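Visitor: Could you take me on a close look at a single part of this structure, the open sheet? I'd like the strand order, the pairing and the salt bridges in one connected account.

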Amino acid sequence: DLDAGAQKQSSEQTVQAVTLGSYIEQQFGWRDQLFVTGAVRRDENSSFGADFGAAIYPKATVSWVAADNSAARWLNNLRLRGAFGESGQQPDVNAAFTYVAPVTATILGGGVPAVTFGAFGGRLGNTKLKPERSREVELGFDFTTLKSRISLQTTYYDKRTRDAIVQRDLAPSQTAGLNIFDNV
């Protein structure tokens, strides 16, 4: 039988993502001693859930030159600095959408058309899905002494992530064994 070895299947996949972002930044300097920068970024993305609007990410930096080429023998330069910022990771393109995929079931030797939820890995959409957010803080100083022969740079850095995007299993009684992307 020649047709026994052939499988007749076809599939098609379209992935489209749209991102709209805006960014504004302002820098100030005072007497070449104090430097301040502030910025805000606003992102809208088609991967976000329908119940979530736009993501807003702030940023701020400050640097103060306490001593520069000081006449003091033990202190040549001293700079104090700090920074704060947030960033985000958008969800997968179809993570927020529930969609169906066509399938053909073989029942008693015949093909019966049907549909299933979530074609890619068996996922349902999550209308409350948000971007994964990271908040970073950096504090430090730069110190130079003994006619610029010795330098010390020290930095403290802390990063915290919230609303991490994970793929979570749901009870089979709710979703027939499918899973969902969710923020934790």
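Guide: Let's settle the vocabulary first: two strands pair if DSSP finds at least two bridges between them, and strands (E, at least two residues) are DSSP runs numbered from the N terminus, as are helices (H or I, at least four residues). What you have here is a predicted model, where local features need pLDDT of at least 70, side-chain atom pairs count only at pLDDT 80 or more, and totals for chains, interfaces and linings use all residues. Residues are numbered from 1 along each chain as its sequence is written, and side-chain values use heavy atoms, with hydrogens and water left out.

Now to the sheet. Six strands make up an open sheet, and reading across you get β1-β2-β3-β4-β8-β9, with antiparallel pairing. The edges belong to β1 (19-30) and β9 (150-162); each has a single partner strand, so one side of each is left without a neighbour in the sheet. On average, and ignoring direction, neighbouring strands here are turned by 10° against each other; for such angles, axes are lines fitted to C-alpha atoms (for helices over the stretch in contact), and angles run from 0 to 180 degrees between N-to-C directions.

Start at the β1 edge. This strand runs antiparallel to β2 (residues 34-45), and 12 bridges join the two. If you want a spot to anchor your view, pick Ile24, whose bridge partner in β2 is Val40.

Hop across to the other edge. There, 13 bridges join β8 (residues 132-145) to β9, again antiparallel. Val137 has Asp158 of β9 as its bridge partner. The hairpin of β8 and β9 has four residues between the strands, and in it Leu146 takes a positive phi near 50°.

Just past that edge strand, Asp163 is found in the loop between β9 and β10 (165-169). Asp163 has a relative accessibility of 17%, so it counts as buried (buried means under 20% relative accessible area, exposed over 50%, partly exposed in between, with a 1.4 Å probe and protein chains only). Leaving out residues up to four places away in sequence, Asp163 touches Lys130, Pro131, Glu132, Arg133, Asn183 and Val184, where contact means heavy atoms within 4.5 Å.

On to the charged pairs. The structure holds nine salt bridges, each one a side-chain nitrogen of Lys or Arg within 4 Å of a carboxyl oxygen of Asp or Glu. One of them pairs Arg42 with Glu44, the closest N and O atoms being 2.7 Å apart. Arg42 is partly exposed at 37% relative accessible area, and Glu44 is partly exposed too, at 32%.

In another, Arg81 and Glu138 meet through their side chains at 3.8 Å, N to O. Arg81 sits in β4 (residues 77-89) and Glu138 in β8, so this pair ties together parts that are 57 residues apart in sequence. Arg81 is partly exposed at 21%, and so is Glu138 at 32%.

Glu86 and Arg135 form a salt bridge as well, at 2.5 Å from N to O. Here, too, distant parts of the chain are linked, with Glu86 in β4 and Arg135 in β8, 49 residues apart. Glu86 is buried, with a relative accessible area of 12%, whereas Arg135 is partly exposed at 37%. Finally, salt bridges that share partners join Arg81, Glu138 and Asp142 into one network.
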